[in-house]
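Please walk through this protein with me, from its charged pairs to its surface and its open spaces. Keep the sequence and the 3D view side by side as you read.

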Amino acid sequence: KVPVVLAAAFIVTVFLLDNPVWAVCGMLAARLLSTGTMSFFSIGKINIGLFEPVLLLALVSLGLRAVFSKRKLWMDWPWKAVLIGIMLWRLVGLSWCTSVGDGAKEIVTLSVILATSSVVLAFVDTWEHVKTALWWWIGTCVLIGVLAIFGDLLGLTDYSSQWKTAEAGGRETGLGQQPNWFAMNLSFVIHAAAAFALVQKRAVLRWALLLSAVFIFFAAMTSGSRGGAYSVVIGGLLVAMGQSNFRRWFLRFGAVGLVLFAIAGLGEIGDIGKGLNRISANIDVLFARDIRGMNWAACAGMFTETFGRGIGPGGYVENLRQYSEWLYNSVYRYPHGIFWGELAHTGVVGLLLLGGLVVAVTRMAISTIRDCRGTEAEVIAWAMPASMAGYFAWSFVEFSLDEKPFWEWLALFTALHLVARRAKTVGPPLPRWTLAVK
C-alpha cells in the first residue's frame, strides 16, 4: 500500500507543479472539509485529518514551483507583522503558561496559518485566480451543505449525539462540528456568492451562484445558530449600504429567507425545522444564562490576577477550576469569544495585537474598495470584508483567535487587495464594472 500511496502522491505533486492555483484551491477546500471528527489520528494534541496531507502536498508542490520559477514566497502584506507578533508573544508566554502542550499547539496552528497565507498570496496573483478560488470555495460549501443535510435526511450521517448543544434540538452539526462552528464554516462565502452573481454574464452561472448563496445560507441556519444568523445579516447590511445593486438583491434574499423559515417552521421538516425555529424562538437567550457570563468573569479574573500579563497560551481549563467547579466539569469550559480568550491568555499585549489586526484589516478593506471602484471586482471587495465584519461581531461571544476558515478567507481577500493595488499602479487594469443582474 505504501508504494501505491507514494506513487499517487508523486503524480499529484507533478500535476500541481503545472497547476499551482489548483494546489491552492485544493488546500482551501480541504481546510473547509476537514473537521476534528474526521481526523485520521493524532500526534500529541494535534489532529491529523484530510487537511494536513493535502497541505503537505500543496506546500511541497508550491515550494518546488517557487524554486523553479524563482517566485518569492516570503512577501509583504498588511497584517503579516501583526500575525508574527501574535505568534512571538505566545512563544514568550510558554515560559509561564500552565499547559505547554496546549500552548505549543496554538503556536503550531498559527504557524500553519502563516504558511497557508504565504502560499495563497504567492500564487493567487491575478483577478482570474481570485475568481477561481471563489468558485472552489463556493462549490466546497455547497458540497458540505449537501453532505450534511441530505446525509442526515437519508440516515447516512448523524453527529448530533457528539455535541450536547445539538441533543434533542435538531441542530445540524455538518461533518461533525459543534453547530456554531458548522454555521461559521459556511457563513463567510454567502455574501460573496451573491455578489459574484451580479457580474456574471451567463444566466446559468448567475442563477447557479444565486441559488448557491441561498442554499449555503439555509444550510448554515439549520445549525440553529443565532449568532450565525446575526453575522450574515450584519455583513449583508454592510454590503447593502455600500452597493445599491447588492441592496436590491439583499432585500430579495431576505424575503426568500423568511419564506424558507416559514415553510420549515410550519411544516416542521424534522430536525431542520427545529434548528431553524431555534433562531427565532427565545432569541433573547444569546447573552442570557450564566454560561457565557461565567466564562467571561473567569477570563477577567485571569487577567487581573496576572496583573494584565495573561495566563499564557493554553491552560484555560486548568485555570478555570478555581473560578467555577461546575463550569470546569461542563462542556462549556472555553472563553466564548476572541476578545475574552485574548484577555485571559495574552493580556494587555495580546489585546493590543488584536486591535492592531483589526486596524490593519480595516485599512486594507478601505483601500481595496477604493482600488476596485468601477471594476468587476468592486462588489466582491465589499462582500468579503463585510462577512469578516459579521464574524468579528459574532466572535465577541464565540470562537478563538486561530479559528479556520477566517484566516484563509482573510488571505484570499488580501490576495484581492494585492491584485487590485498592482492593477491600479502598474496594470493591467481590472475589467470594468458590468452589471449582469437588474
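In this predicted model, the count of salt bridges comes to nine, where a salt bridge is a side-chain nitrogen of Lys or Arg within 4 Å of a carboxyl oxygen of Asp or Glu. One of them is formed by the side chains of Lys 80 and Asp 76, which meet at 3.3 Å, taken from N to O. The two partners are not covered alike: Lys 80 counts as buried because its relative accessible area is 7%, and buried means under 20%, whereas Asp 76 counts as exposed because its relative accessible area is 59%, and exposed means over 50%.

A second salt bridge brings together the side chains of Glu 106 and Arg 90, with 3.0 Å from N to O. This pair links distant parts of the chain, since Glu 106 sits in helix 5, which covers residues 100-123, and Arg 90 in helix 4, which covers residues 80-93, with their positions 16 residues apart in the numbering. Both Glu 106 and Arg 90 are buried.

The side chains of Glu 398 and Arg 292 also meet in a salt bridge, here at 3.1 Å from N to O. Glu 398 belongs to the loop between helix 18 and helix 19, while Arg 292 is part of helix 13 (residues 290-305), and so this salt bridge ties together parts that are 106 residues apart in sequence. Glu 398 counts as buried because its relative accessibility is 1%, and Arg 292, at 15% relative accessibility, therefore counts as buried as well. Elsewhere, salt bridges that share partners join Arg 90, Glu 106 and Glu 342 into one network.

From the loop that holds Glu 398 we can pass on to helix 19. Helix 19 runs through residues 406-425, and its 20 residues reach 28 Å from the first C-alpha to the last, which is close to the 28 Å expected at 1.5 Å a residue. Helix 19 is mostly covered, for 16 of its 20 residues are buried, and just after this helix Gly 427 takes a positive phi of about 80°.

Another covered position is Leu 327, which is found in helix 15 (residues 325-328). Leu 327 counts as buried because its relative accessibility is 0%. The C-alpha atom of Leu 327 is separated by 7.8 Å from that of Ile 291, although these two residues are 36 residues apart along the chain.

Which residues make a nonpolar patch on the surface? The patch is made by Leu 56, Val 60, Leu 64, Val 67 and Phe 68, and its area is about 500 Å². Among these residues, Leu 56 has its place in helix 3, which spans residues 51-69, and Leu 56 counts as exposed because its relative accessibility is 54%.

Lastly, we can turn to open space in the model. Rolling a probe the size of a water molecule over the atoms shows where empty space is left. The second largest pocket has a volume of about 490 Å³, and of the 23 residues that line this pocket, the closest to its centre are Val 361, Thr 362, Pro 385, Met 388 and Ala 389. The elements that give two or more residues to this lining are helix 10 (226-242), helix 17 (347-372) and helix 18 (378-394), and the largest share, eight residues, comes from helix 17.

Terms used:
Residues are numbered from 1 along each chain as its sequence is written. This is a predicted model: local features need pLDDT of at least 70, side-chain atom pairs count only at pLDDT 80 or more; totals for chains, interfaces and linings use all residues. Side-chain values use heavy atoms; hydrogens and water are left out. Helices (H or I, at least four residues) and strands (E, at least two) are DSSP runs, numbered from the N terminus. The expected span of a helix is 1.5 Å times one less than its number of residues. Buried means under 20% relative accessible area, exposed over 50%, partly exposed in between (1.4 Å probe, protein chains only). Patches are made of residues with over 30% relative accessible area and no salt bridge: like charges are joined within 9 Å, nonpolar side chains (Val, Leu, Ile, Met, Phe, Trp, Tyr) within 5 Å. Accessible areas come from the Shrake-Rupley method with a 1.4 Å probe; for residues, only the protein chains shown count as cover. On a 1 Å grid over the protein atoms alone, a cavity is a set of points where a 1.4 Å probe fits but cannot get out, and a pocket is an open set with protein on both sides within 12 Å along at least five of seven lines; lining residues have an atom within 4 Å of a point. Grid points are joined across faces, edges and corners, and a volume is the space filled by probe spheres set on the points.
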